[in-house]
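Biologist: I am new to this structure. Please take me through the aromatic pairs, one ring at a time. How are the rings set against each other, and where do they sit?

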Amino acid sequence: MSVSEMAHGVSEVAGIMHGSDSTELSGTAGLHGNAGIALGGTATDVRRVLLVWDAPNLDMGLGAILGGRPTAAYRPRFDALGRWLLARTAELSVGSKTRVEPEATVFTNIAPGTADVVRPWVEALRNVGYAVFAKPKIDEDSDVDSDMLSHIELRRRGAGLAGIMVASADGQAFRAPLEEIAAAGVPVQVLGFREHASWAVTSDILEFIDLEDIPGVFREPLPRVSLDSLPDEGAWLQPFRPLSALLTSRPAQGVA
């Protein structure tokens, strides 16, 4: 399936789902050019333009910007992100001797007792073309960092990557692996919020793209305040996590 055909499918799905909460997740039908190649699968004749969305990390970053849980106006629109991925894939496929296809993946934790709340979001993502890796949140160590890195490494094998986009501010997990991939000549982009990803913003080898700069990802401008753009009257900077997290965090996470 060509990128233009996939883009046509995007429009159809977005139209079908318009008007419901699921429109925020629509528009990515056909992002997986071969529906039989799921998360963890292989295809040695296909080079991937891989999008990895670190849901726990980005949820925390968005919550910090908003000072609370996002309303519909401030939830990321995965249809817009999907269209951007399709366009990026078309760009990177020019002149390629092997087939180039996009692959959109979302990695998330499921906390105990939240499955019924999260299920509609996960099913909507899957229904329109995103592969979702879901992992139970059992304790502080039940994050999905290693799973994301394993999938990135899997896609580097065989025909390899034509490009990779990682949506996260977690420099501790991603900086070294992404710099290694970029040094090998693969286009690497880090997506996120500039306030929380200085390691990528200032990198000489990684390209950083603020999520708000991708057309349509947010319906309304985010109410962003940073130390570099404070209003004259001052502003509150909301915590990144609740104070109660200190009860379960490791000692190394303390503030001197």
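Modeller: Start with Y130. This is a predicted model. In it, Y130 has 2% relative accessibility, which is under 20%, so Y130 counts as buried.

Now the pairs. A pair of aromatic rings is described by the distance of the centres and the angle of the planes. With ring centres required to lie within 6.5 Å, the count comes to four aromatic pairs. One of them joins F78 and Y130: their ring centres are 5.4 Å apart and their planes stand at 85°, so this pair is edge-to-face. An angle over 60 degrees earns that label.

Where do the two rings come from? F78 lies in helix α3, residues 78-93. Y130 lies in the loop between α4 (115-127) and β3 (131-136). The pair therefore ties together parts that are 52 residues apart in sequence. F78 is buried as well, at 3% relative accessibility. W53 joins in too: W53, F78 and Y130 form one aromatic cluster.

Next, look at F193 and F218. They also form an aromatic pair, but this one is tilted. The centres are 6.3 Å apart, with 40° between the planes. This pair, too, links distant parts of the chain. F193 sits in the loop between β5 (188-192) and α7 (198-201). F218 sits in the segment after β6 (207-210). The two residues are 25 residues apart. F193 counts as buried, at 3% relative accessibility. F218 is buried too, with a relative accessible area of 11%.

Conventions
Residues numbered from 1 in each chain as written. Predicted model: local features only at pLDDT ≥ 70, side-chain atom pairs only at ≥ 80, totals over all residues. Heavy atoms only, no water. Phe/Tyr/Trp six-rings, centres within 6.5 Å; stacked < 30°, edge-to-face > 60°. Helix = DSSP H or I, 4+ residues; strand = E, 2+ residues; numbered from the N terminus. Buried < 20%, exposed > 50% of the residue type's maximum accessible area, 1.4 Å probe, protein only.
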